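Subject: Structure for your review

Dear colleague,

Please find below the structure that I am handing over to you. The findings follow directly after it, and I would ask you to read them with the structure open.

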Amino acid sequence: MLVNNQTNYRQPSFGRFRFSDNAKKVVLGKINTPAKFKKFKELCELEETGDRAIRNIDIFFVRHFTDRLFTEIGNKEYLQGIFQSTNSFLKKMTKKADELL
């Protein structure tokens, strides 16, 4: 039996946003200041409340010269704008998902 216990490493909670492995790397690379991380954490906590807690927003990674995020909500696909921040994209996708509730 193999038991793997890593008590010093704790992966951050992403709330109801579900990120692909590559998308996690992009997000963690772009959320590089305490202010950006605080805003990111607030967005994730909002996704865990009320009706939002029953849904998931899957975020994927697309590489076209720059690191951009991608998601599908409903039957529409959304790609992060070239100059759009990660937090801004996630907030916009939360609003789009709210329209479907």
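In which helix does Met93 lie? Met93 belongs to helix α3. Please bear in mind throughout that this is a predicted model.

Overall layout

The chain contains 3 helices and 4 strands. Followed along the sequence, these elements appear in the order β-α-α-β-β-β-α. The chain has 101 residues, of which 29% count as buried. If one takes the contacts between residues at least 6 apart in sequence, 55% of them join residues at least 24 apart.

Two residues of helix α3

To return to Met93, its relative accessible area is 1%. Buried means under 20%, so Met93 is classed as buried. Setting aside neighbours within four places in sequence, Met93 is in contact with Ile57, Thr71, Ile73 and Tyr78. Another pair to look up in the model is Met93 and Phe70: they are separated by 23 residues in sequence, and their C-alpha atoms are 9.9 Å apart in space.

Thr94 is also part of helix α3. With a relative accessible area of 6%, Thr94 falls under the 20% limit and is therefore buried. A polar atom of the Thr94 side chain lies 2.9 Å from the backbone oxygen of Leu90. When residues up to four places away in sequence are not counted, Thr94 touches Phe17, Glu47, Arg52, Arg55 and Ile57. Ile57 is thus a contact of Thr94 and also of Met93.

How α2 and α3 pack

Two packed helices are described by the angle between their axes and by the distance between those axes. Helix α2 covers residues 34-47 and helix α3 covers residues 86-100; their axes come within 10 Å and cross at roughly 15°. Angles under 35 degrees count as roughly parallel, and α2 and α3 are therefore roughly parallel to each other. The crossing of these two helices is left-handed.

Which residues of α2 meet α3? From α2 they are Lys36, Lys39, Phe40, Leu43 and Glu47, and on the α3 side they meet Asn87, Leu90, Lys91 and Thr94. The residues of this contact divide into 3 nonpolar, 2 polar and 4 charged. Thr94, described above as buried, is one of the residues of α3 in this contact. Glu47, in α2, is likewise part of the contact, and is among the residues that Thr94 touches.

Yours sincerely,
A colleague

Key
Residues are numbered from 1 along each chain as its sequence is written. This is a predicted model: local features need pLDDT of at least 70, side-chain atom pairs count only at pLDDT 80 or more; totals for chains, interfaces and linings use all residues. Side-chain values use heavy atoms; hydrogens and water are left out. Axes are lines fitted to C-alpha atoms, for helices over the stretch in contact, and angles run from 0 to 180 degrees between N-to-C directions. Angles under 35 degrees count as roughly parallel, over 145 as roughly antiparallel, 65 to 115 as roughly perpendicular and the rest as oblique. A crossing is left-handed if the near helix is turned anticlockwise from the far one by less than a right angle, and right-handed if clockwise. Contact means heavy atoms within 4.5 Å. Ala, Val, Leu, Ile, Met, Phe, Trp, Tyr, Cys and Pro count as nonpolar, Asp, Glu, Lys and Arg as charged, and the others, Gly among them, as polar. Buried means under 20% relative accessible area, exposed over 50%, partly exposed in between (1.4 Å probe, protein chains only). A polar contact is a pair of N or O atoms within 3.5 Å; within protein, one must be able to donate a hydrogen and the other to accept it, and residues adjacent in sequence count only if both atoms are side-chain atoms.
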